[in-house]
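Please look over the structure shown here with attention to how its helices pack and what surrounds its ligand.

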Amino acid sequence: MEKYDFNSLLQKTKQRFAVPLIGSDGIDRLLSELNLVCADAEKLIQRYDDSDRSLIVCGAGCQDCCVVNVSITLLEGIAIARFVRKFALDDLEQVRLKLDSLWSAVRGLDDDERLVMRRKCAFLDANGSCTIYPVRPLFCRSISSTDVSTCRAAVAGSVFGEIKPVLMNQFQLQMYKVLFSGVGSGLEQAELDGRSFQLSGLVRYLLNNPAKEVTLLREGTLKWDDLY
Ligand code: SF4
């Protein structure tokens, strides 16, 4: 199995996003690049990860870790908001209501406080599946537990201030951390907004303000207060 060079991946990812946003289709190009990066990551994991991937137990219906703060770049938020806007009207309304309720409960909480609340992500359906799976955040893609019981113990222990380790696939974790960093840095290099925001607050805001997507990405004017 070939050894993988994450530093080179970081540089290449930066280059992919360090492109000025020109014309009305500029944002579409960036969104399609994001899709490609995610597709490439899955291939790279298959090719270079020499650990036993059959040990990974994450899958549809397991929602134990979907109670944490999830950081996403503005570009990821735009991809998710565009995906959600295509939901059937009833489903879209449900997501909006869930986002309103969740965001009013978790905004301003740090990671530990958010975990203690155990409020589930607004994008989980009744079966515990992720309704935005094709465009799910890079952060969510990085998670790969090898033991469901340790995930549950870690979440339960957080209520008592305990920190319990969760064994994860390190190659996958590193892969998506590097991509997250590369996307953000590349956008910044192109003088676009490469900052990250919290998933629920950002997508809620973008659903309510679709006309602002390109301006926000280009001008970097989104403030924390705007999400309230
Ligand atoms: S986006 Fe999907 S995978 Fe990520 S926390 Fe929400 S439901 Fe879970």
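The report below covers the ligand shell and then two helix contacts in this predicted model.

## Surroundings of the ligand

The ligand in this predicted model is surrounded by C66, V70, C121, F123, L124, C130, I132, R136, P137 and C140. Sorted by side-chain character, the residues of this shell comprise nine nonpolar and one charged, with no polar residue among them. Because Arg counts as charged, the charged member of the shell is R136.

## Helix 2 against helix 3

Helix 2, which spans residues 26-48, packs on helix 3, which spans residues 74-84, at an angle of about 95°, and their axes are 10 Å apart. Since angles of 65 to 115 degrees count as roughly perpendicular, helix 2 is roughly perpendicular to helix 3.

From helix 2, the contact draws on L30, L31 and L34, while helix 3 supplies L75, E76, I78 and A79. The residues of this contact divide into six nonpolar and one charged, and no polar residue takes part.

## Helix 3 against helix 9

Helix 3 also packs with helix 9 (residues 199-208), here at an angle of about 55° and with the axes 9 Å apart, and the two helices are therefore oblique to each other. The crossing of helix 3 past helix 9 is right-handed.

On the helix 3 side the contact involves G77, I78, I80, A81 and V84, which meet L202, V203, L206 and L207 of helix 9. Eight residues of this contact are nonpolar and one is polar, with no charged residue present. I78 of helix 3 thus appears both in the contact with helix 2 and in the contact with helix 9.

Notes:
Residues are numbered from 1 along each chain as its sequence is written. This is a predicted model: local features need pLDDT of at least 70, side-chain atom pairs count only at pLDDT 80 or more; totals for chains, interfaces and linings use all residues. A residue is near a molecule or strand if its C-beta atom, placed from the backbone, lies within 6 Å of it. Axes are lines fitted to C-alpha atoms, for helices over the stretch in contact, and angles run from 0 to 180 degrees between N-to-C directions. Helices (H or I, at least four residues) and strands (E, at least two) are DSSP runs, numbered from the N terminus. Angles under 35 degrees count as roughly parallel, over 145 as roughly antiparallel, 65 to 115 as roughly perpendicular and the rest as oblique. Two residues are in contact if their C-beta atoms, placed from the backbone, lie within 7 Å. A crossing is left-handed if the near helix is turned anticlockwise from the far one by less than a right angle, and right-handed if clockwise.
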